[in-house]
Amino acid sequence: MNKQEKDNLNHPELVAYLDGELERNQRAEVERKLAESPEYRNELANLQRTWDVLDALPATRASQEFTQSTVELVALKTRNLENQSTSGARILRMSVLVILLIIPPIAAFSYGYWSKKEALTAPNRQLLKDLPIIENLSLYRSVSAELDVDQGIRFLELLNSKPSVFLNFELDFSEPTGVNLPSKSFTTNPTSLTLDSFSQEEMERLLLSQREFDRFAGSQPEKTDNLRRFHKILNEHPDSSQLKNLLIYWNSWLKNKGYYLGRDEIDRIKDATAEDRIVEIRRLEKEDFVEKWSRARGGPPAPQDVPLIKGFAKEKIEELSLEIIRQLDSSNNEQTKKLKEEVENAPTHHHGFAILMRARFRSRFPGGATVWSTFGSNEIEAFISALSAESKNKIAGLTMDLQMDVVQSWIVIAMFEIDDSDLQEFHDKGLTGNQRDSLKGLSSSEQKKAVQQAFRMALFQDISEFDDVSKLPSTGRGRQ
Amino acid sequence: MQLSDSVIKKSKHYESIDPDVRLMLQVQSDDAGAFEELTRRYQNRLLRVMEHLVSNRDMAEDLAQEVFLRVFRSRKSYIPGAKFSTWFFTIANNVASNALRNRSRRKEINLAPTQSEDHGVPSLETMAKEASALMPTRQLDQVELSEVVQSAMKNSLNERQKLALLLSKFEHMSYQEIAETMDLTVQAIKSLLSRARGNLKQALEPYFQTGQLSDSYRESFESDDQQKP
């Protein structure tokens with residue numbers, strides 16, 4: 001045990017006590033100490049808490065295919081055994097049972113497997129070439145690349161040019177879905193690999209994937225050709241890494257939505273043109289947003305607390321932005337320098353924050369995932385105690401968790417509340433001369449409406465191309 | 001093979017109390033359906049352990065399949081000398097230990113920009129929560145805590161500590177059962193678990209107090225991120 005670990009462990013017997021693994025006399029001794037020492041009780045409580053938070057670890061679920069491919073793998077190996085074993089009668093029976101279980105594909109595959117196995121000793125160029133496609137098959141299929149390469153690429157390019165499409169920048173008070181997003185990674189193009197560098201197990205897994213690939217392509221070899229072409233274009237694209245990230249994201253999004261939309265609906269979205277898919281994403285995201293928003297708005301705080309809440313929210317945005325910028329300072333690359341400049345030049349803190357969040361989304365700065373754990377429960381509790389009696393009454397009787405839910409909704413609503421000073425700031429710094437000119441001649445309420453619309457739109461995209469801000473297209477986003 | 005009376009007695013005992021032992025005995029009798037059922041019963045539990053040990057979902061699935069394969073191959077020599085899960089996770093421990101030794105053979109690169117190696121792009125939920133500035137409500141706590149705990153485990157525990165902890169927490173194994181699974185003494189398990197929980201407590205303490213992890217852990221997460229292409 002090193003020094004650090006000793007320091008971490010003031011009372012090692014407490015762990016065994018919590019686990020019910022102490023002898024009776026040892027247990028009595030611990031209980032005596034607990035009765036006497038607050039410090040000892042505190043240590044026990046901390047260990048118990050550490051134990052309890054392990055419940056927060058996500059539950060792992062095997063995919064639908066996992067069971068089947070496991071049984072198939074065992075069937076394959078069993079055949080292998082059967083050939084090597086001299087006492088093979090019963091094993092053969094098991095193999096036959098297992099094989100029967102997974103017919104129809106296994107028989108055909110077994111033949112393919114053995115014939116391919118023969119070829120393993122020599123480099124199989126096509127297999128190597130197809131390896132990244134095989135491994136990324138589900139990702140590529142998520143944009144129907146096998147049917148239409150150009151639509152697939154175009155869709156990713158559209159997403160790349162409109163990062164706000166997915167960015168539900170507003171509230172999320174939904175109940176935990178319990179849905180585990182599938183993990184997925186790209187594989188490198190293994191130009192330097194040879195099949196010899198794979199272990200037998202890896203090779204078998206690869207062959208299973210390849211069989212899946214072959215079965216998928218079926219009698220339509222053009223599907224395979226399309227996938228190869230899609231793969232090539234994707235990898236040679238100037239924005240290749242962004243497009244790949246978006247593809248992973250899109251695939252996760254689809255699967256997440258698939259849990260409640262159903263397969264037909266997902267297929268319909270996948271089969272739509274690139275432009276229509278964007279429309280669909282916006283529609284579904286907006287529906288989500290509206291639902292969440294209506295849930296969050298349960299009841300407003302007392303009017304006299306609004307300035308306090310808004311001040312707190314603004315402070316938090318700035319704190320968070322500073323924290324992100326601090327991280328950027330430690331990084332020296334051109335992208336982060338450019339990003340920092342963009343943030344510094346943003347017309348309002350809202351827009352600076354939006355740029356940071358988009359950058360976070362597109363992985364343009366390091367360590368982003370760590371910046372968001374900046375609030376503690378104590379801080380919110382302190383904030384609640386500063387509210388007026390009227391606001392406190394609105395949450396009286398709720399559990400602490402629910403109280404914090406409600407207060408959080410007030411704070412976050414305030415965070416994205418645009419007030420006149422924000423609009424003025426945006427008008428002065430965020431609009432071009434032409435855009436400001438386009439407001440002349442409008443009534444003051446029309447002006448305000450147009451600036452509000454421009455403000456919201458600018459959170460998500462560059463609006464400099466629109467000279468007339470009174471005629472901005474509807475974004476379909478933002479709080480209504 | 002001749003079995004002693006005590007082994008037979010023990011075997012009968014476990015057969016009578018543990019339905020998974022009975023299932024495995026059906027597998028021993030070449031019942032393919034029983035094998036599939038066993039796979040279904042254990043796949044999620046096994047994947048959870050493997051995923052925490054190797055921090056990579058794909059690799060965890062490969063290893064889990066290897067474990068099931070070994071279970072199947074060992075069926076003829078299987079004698080119920082313990083609960084089935086103890087025997088099963090002994091195999092899992094062996095497979096994972098070998099894999100971690102040979103890990104450098106893997107040739108995958110993960111492009112996903114999250115702090116944990118294998119979760120791809122953050123979910124909409126996570127992103128919306130990040131955007132909505134991270135208040136400690138029940139739901140946010142859930143997501144945040146999950147990531148914090150995963151990171152704390154990854155950075156403060158070695159593989160043996162992780163395995164002992166996971167078996168204790170999620171498989172509800174006694175120290176004796178963990179000792180059998182990991183081929184260590186009960187005393188060693190006691191010490192291993194104490195250290196594991198002490199380290200984890202130390203890693204999580206700043207989070208409990210302030211909502212933030214300590215600088216050293218933050219730095220290690222950040223360097224995790226920066227190492228990614």
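**Reading salt bridges, helix faces and ring pairs**

Author: Let's jump straight in: B:E171 and B:R45 make a salt bridge, with 2.5 Å between the closest N and O atoms. The pair links distant parts of chain B, 126 residues apart: B:E171 is in the loop between helix 8 (159-170) and helix 9 (175-182), and B:R45 is in helix 3 (residues 32-54). Keep in mind that this is a predicted model.

Reader: What lets two side chains pair up like that?

Author: The general idea is simple: side chains of opposite charge can pair when their charged atoms come close. In this structure, 26 salt bridges turn up over all chains.

Reader: Back to that first pair. Is B:E171 buried or exposed?

Author: B:E171 is buried, at 9% relative accessible area. B:R45, on the other hand, counts as partly exposed at 28%.

Reader: Now chain A. How far apart are the closest N and O atoms of A:K33 and A:E13?

Author: They are 3.8 Å apart, and the pair forms a salt bridge. A:K33 belongs to helix 3 (residues 24-36) and A:E13 to helix 2 (residues 13-18) of chain A, so the bridge ties together parts 20 residues apart in sequence. As for exposure, A:K33 is partly exposed at 29%, and A:E13 is partly exposed at 23%.

Reader: What about bridges inside one helix? Where do A:R228 and A:D225 lie?

Author: First, the general idea: an α-helix has 3.6 residues a turn, so residues three or four places apart point the same way. Now the case here. A:R228 and A:D225 both sit in helix 12 (residues 221-236) of chain A, 3 residues apart, which is about one turn of the helix. They form a salt bridge with 3.4 Å between the closest N and O atoms. A:R228 is partly exposed at 27%, and A:D225 is partly exposed at 45%.

Reader: Which residues of chain A are linked in a network of salt bridges?

Author: One such network links A:E29, A:R32 and A:E36.

Reader: Let me try a polar residue. Which side chain does A:N160 touch through a polar contact?

Author: The side chain of A:D239, at 3.3 Å. A:N160 is placed in helix 10 (residues 149-161) of chain A, and A:N160 is buried, with 11% relative accessible area.

Reader: How do I read the faces of a helix? Which residues of helix 14 in chain A are buried?

Author: Helix 14 (residues 263-271) of chain A has A:I266, A:I269 and A:K270 buried. These three cover an arc of only 100° around the axis, which puts them on the same side of helix 14. Turned away from that buried side, the other face carries the exposed residues A:D264 and A:D271.

Reader: On to the rings. How many aromatic pairs are there over all chains?

Author: The count comes to 14 over all chains. Take A:Y140 and A:F230: their ring centres are 5.0 Å apart and their planes meet at 70°, so this pair is edge-to-face. A:Y140 lies in helix 9 (residues 137-142) and A:F230 in helix 12 of chain A, so the ring pair ties together parts 90 residues apart in sequence.

Reader: What two values describe a ring pair in general?

Author: A pair of aromatic rings is described by the distance of the centres and the angle of the planes.

Reader: Are A:Y140 and A:F230 buried or exposed?

Author: A:Y140 is buried, at 0% relative accessibility, and A:F230 is buried at 0% too. For a case in chain B, B:F88 and B:F89 form an edge-to-face pair, 5.3 Å centre to centre with 90° between the planes. Both B:F88 and B:F89 are buried.

Reader: Which rings link into a cluster?

Author: Ring pairs link A:F66 with rings of chain B into a cluster, among them B:Y42, B:Y78, B:W87, B:F88 and B:F89.

Reader: Let's zoom out to chain A. How many helices and strands are there in chain A?

Author: Chain A has 24 helices and 0 strands. Of its 480 residues, 50% count as buried. The accessible surface of chain A is about 23300 Å², with 50% of that belonging to carbon and sulfur atoms. Of the contacts in chain A with a separation of 6 or more, 75% are between residues 24 or more positions apart.

Conventions:
Residues are numbered from 1 along each chain as its sequence is written. Chains are lettered from A and ligands numbered from 1 in the order in which they are written. This is a predicted model: local features need pLDDT of at least 70, side-chain atom pairs count only at pLDDT 80 or more; totals for chains, interfaces and linings use all residues. Side-chain values use heavy atoms; hydrogens and water are left out. Helices (H or I, at least four residues) and strands (E, at least two) are DSSP runs, numbered from the N terminus. Buried means under 20% relative accessible area, exposed over 50%, partly exposed in between (1.4 Å probe, protein chains only). Contact means heavy atoms within 4.5 Å. Accessible areas come from the Shrake-Rupley method with a 1.4 Å probe; for residues, only the protein chains shown count as cover. A salt bridge is a side-chain nitrogen of Lys or Arg within 4 Å of a carboxyl oxygen of Asp or Glu. A polar contact is a pair of N or O atoms within 3.5 Å; within protein, one must be able to donate a hydrogen and the other to accept it, and residues adjacent in sequence count only if both atoms are side-chain atoms. The arc is that of the directions from the helix axis to the C-beta atoms. Rings of Phe, Tyr and Trp (its six-membered ring) pair if their centres lie within 6.5 Å; planes under 30 degrees apart count as stacked, over 60 as edge-to-face and the rest as tilted.
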